[in-house]
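Grab a coffee and work through these exercises with the model open beside you. Try each task before reading its solution.

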Amino acid sequence: MISRLILVSLLILLSVSALAQDVTPAERGDIAQMTRSLDQLLQLLKEQQSRDDRAYELQKLEIAISYLNFRSRSIEAKEKELRGLRESRDRIEDMLLEIKREEDDAEFRSLQPGQSSFPERSVLQAHWQQRIDKTQSRISALEVEVLDLSSGLDEVENHIEKNLKLIP
């Protein structure tokens, strides 16, 4: 808007100076002064546009950094959940090994030829093995999520690093 006004003013000024063949020296000085003022105004407008562009880029950079922080916290939460699931899986595996060891010891001591194993123990083992399998499945899914989030995080980090030179 303002730049259009300045351009129109310049055109009028140039057309007036071209039409006026017998311009006095004082009028020529006034025209020269107006031309310099318009040049200065154009320069100020260019600088303002440059500042506005820079402010816009900095705003985009701030948004990217906020997004980076959000993604980073999300990854941390998923990694914490992943650690908890791994610990839970390890505890269940240890418990299952203990159950198997106890069953083996009990069977060895109490089984007589033709006597079967403890059926409730095998059901219990199957139950715990099923929990281990479900936990392992959730661990695998979380690992994929963390990898996806991390790759997205790397892209945002690269963008931010590339544009950090904008910050004074």
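A salt bridge here is a side-chain nitrogen of Lys or Arg within 4 Å of a carboxyl oxygen of Asp or Glu. By that rule, the structure holds 7 of them. Before you dig in: this is a predicted model, so local features need pLDDT of at least 70 and side-chain atom pairs count only at pLDDT 80 or more, while totals for chains, interfaces and linings use all residues. Residues are numbered from 1 along each chain as its sequence is written, and side-chain values use heavy atoms, with hydrogens and water left out.

**Exercise 1. A bridge between helices**

Task: find the salt-bridge partner of Arg86 and work out which parts of the chain the pair ties together.

Solution:
- Start with the atoms: Arg86 pairs with Glu143, and their closest N and O atoms are 2.4 Å apart.
- Next, place both ends. Arg86 sits in helix α2 (residues 25–110) and Glu143 in helix α3 (residues 119–163), so this bridge ties together parts that are 57 residues apart in sequence. Helices are DSSP runs of H or I, at least four residues long, and strands are runs of E, at least two, numbered from the N terminus.
- Now check accessibility. Buried means under 20% relative accessible area, exposed over 50%, and partly exposed in between (1.4 Å probe, protein chains only).
- Arg86 comes out at 31%, so call it partly exposed; Glu143, also at 31%, is partly exposed too.

**Exercise 2. Local bridge and network**

Task: how many residues separate Arg101 and Glu98 in helix α2, and which residues does the network containing Glu145 and Arg138 join?

Solution:
- Arg101 and Glu98 form a salt bridge at 3.1 Å, N to O.
- They are 3 residues apart in helix α2, so about one helical turn lies between them.
- Arg101 is partly exposed at 47%, and Glu98 is partly exposed at 35%.
- Now for the other pair: Glu145 and Arg138 meet in a salt bridge at 3.7 Å, N to O.
- Through shared partners, salt bridges join Lys78, Glu81, Arg138 and Glu145 into one network.

**Exercise 3. Inside the cores**

Task: list the residues of the largest nonpolar core and say which element gives the most to it.

Solution:
- Set the rule: a nonpolar core is a set of buried Ala, Val, Leu, Ile, Met, Phe, Trp, Tyr and Cys residues joined through side-chain atoms within 4.5 Å.
- The largest such core has 9 residues: Leu61, Ala64, Leu68, Ile75, Val146, Leu149, Leu153, Val156 and Ile160.
- The elements giving two or more residues to this core are α2 and α3, and α3 gives the most, with 5.
- Zoom in on Leu68. Leaving aside neighbours within four places in sequence, Leu68 is in contact (heavy atoms within 4.5 Å) with Leu153, Val156, Glu157 and Ile160.
- Don't stop there: a second, separate core of 5 residues includes Ile92, Ile99, Trp128 and Ile132.

**Exercise 4. Two spots to check**

Task: is Thr135 buried or exposed, and how many Å apart in space are Glu57 and Asn163?

Solution:
- Thr135 lies in helix α3 and is buried, with a relative accessible area of 10%.
- Not counting residues up to four places away in sequence, Thr135 touches Leu85 and Arg89.
- Over to Glu57, in helix α2: at 28% relative accessibility, Glu57 counts as partly exposed.
- Glu57 and Asn163 are 106 residues apart in sequence, yet 8.5 Å apart in space, C-alpha to C-alpha.
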